[in-house]
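Welcome! Let us take a walk through this structure together, starting with one idea that will help along the way.

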Amino acid sequence: MKNYYYMHLFMEEKMINVFICEDNLIQRTRLETIINNFLLMEDIDMKLALSTANPEELLTYLHRHPQSQNIFFLDIDLNHTLDGIQLGSQIRDLCTDSKIVFITTHSELAPLTFKYKVEAMDYIVKDDPEELASRVKDALNQAKKHYLAEHKKDETHIRLRVGSQIRLFELADIMFIETSHGSHKLVLHLTNSLVEFYGTITEVEKLSPDFIRVHKSFVANQKNILQVDTKNRYLTFTNGETCWASFRKLSQLNRTLTET
């Protein structure tokens, strides 16, 4: 019996988003200047997505724009019901792979980051402006290196958001994706299971170069196509499942498989 899971489509962006949450306007402006100057000089795929004094505003943004390639610069004392460490803990639940840097005058609170399992990338005391600028730039560079390495590693996977988590699925285990009878739902056909999630067939086609739109309702993983039946207009996959395909795509796939 095939198992069904419900999840939201997660389209990973190459751009790295930078966030600031700092209640002190002078300190926040200083951080914005350091980050914007660095991004201008380095010309890298990062952007300052949000700078705010309100942790709730930051969390709302993350719920509306899910992405794992983020780096956060958080003050600890935010003069809010949520302090920076609690905010970091919620960010960690929402964006499991994101980088978190604490910038504060309260160096004695560093052990709390372990209690809340925030896994902070760095802990910067803001007393020395030159040291602050240097450490912020180092953190941005380190985040860039990490995400570039991760992107190369994940060429064999696609990422899907499962509730508040992001899960990886191996391309080798994916046969095809089809539209579901439910509104805005797709079904991911894996080797031994089915995954139902929210998204569009146009979006899912862009998740991997191995994917090809073979029909208005189907996207196939080319590497798992076992047979092309041009007469009956369907594809057979390595797990024995089949899906429909248009005549034009069948001819194209037949040539490709013959060449390989």
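A residue counts as buried when its relative accessible area is under 20%, as exposed when it is over 50%, and as partly exposed in between. Keep in mind as you look around that this is a predicted model.

With that cut-off in hand, turn to Lys126 and Glu22, which are both buried. Their side chains meet in a salt bridge, with 2.8 Å from N to O. This pair joins distant parts of the chain, 104 residues apart: Lys126 sits in the loop between β6 (122-125) and α5 (129-153), while Glu22 belongs to the loop between β2 (16-21) and α1. The two do not stand alone, for Glu22, Asp75 and Lys126 are linked in a network of salt bridges.

How many salt bridges does the structure hold? There are seven, and two others are worth a visit. One of them is formed by Glu196 and Lys185, whose closest N and O atoms are 4.0 Å apart. Here the partners come from two strands: Glu196 from β11 (residues 194-198) and Lys185 from β10 (residues 185-190), eleven residues apart. Glu196 and Lys185 are buried too.

The other brings together the side chains of Glu205 and Arg213, at 3.8 Å from N to O. Are these residues buried or partly exposed? Glu205 has a relative accessible area of 29%, so it is partly exposed. Arg213 counts as partly exposed as well, because its relative accessibility is 23%.

Now go back to the loop that holds Glu22 and follow the chain into α1. This helix covers residues 25-42, 18 residues in total, and reaches 26 Å from its first C-alpha to its last, close to the 26 Å expected at 1.5 Å a residue. Which residues of α1 are buried? They are Gln27, Arg28, Leu31, Ile34, Ile35, Phe38 and Leu39. These residues lie on the same side of α1 because they cover an arc of only 130 degrees around the axis. On the face turned away from that buried side, you will find the exposed residues Leu25, Ile26, Leu40 and Met41.

Finally, look at what happens around the ends of α1. The N-terminal end is capped by Asn24, which has a side-chain oxygen 3.0 Å from the backbone nitrogen of Ile26. Just after the helix comes Asp43, with a positive phi of about 50 degrees.

How values were computed:
Residues are numbered from 1 along each chain as its sequence is written. This is a predicted model: local features need pLDDT of at least 70, side-chain atom pairs count only at pLDDT 80 or more; totals for chains, interfaces and linings use all residues. Side-chain values use heavy atoms; hydrogens and water are left out. Helices (H or I, at least four residues) and strands (E, at least two) are DSSP runs, numbered from the N terminus. The expected span of a helix is 1.5 Å times one less than its number of residues. Buried means under 20% relative accessible area, exposed over 50%, partly exposed in between (1.4 Å probe, protein chains only). The arc is that of the directions from the helix axis to the C-beta atoms. A polar contact is a pair of N or O atoms within 3.5 Å; within protein, one must be able to donate a hydrogen and the other to accept it, and residues adjacent in sequence count only if both atoms are side-chain atoms.
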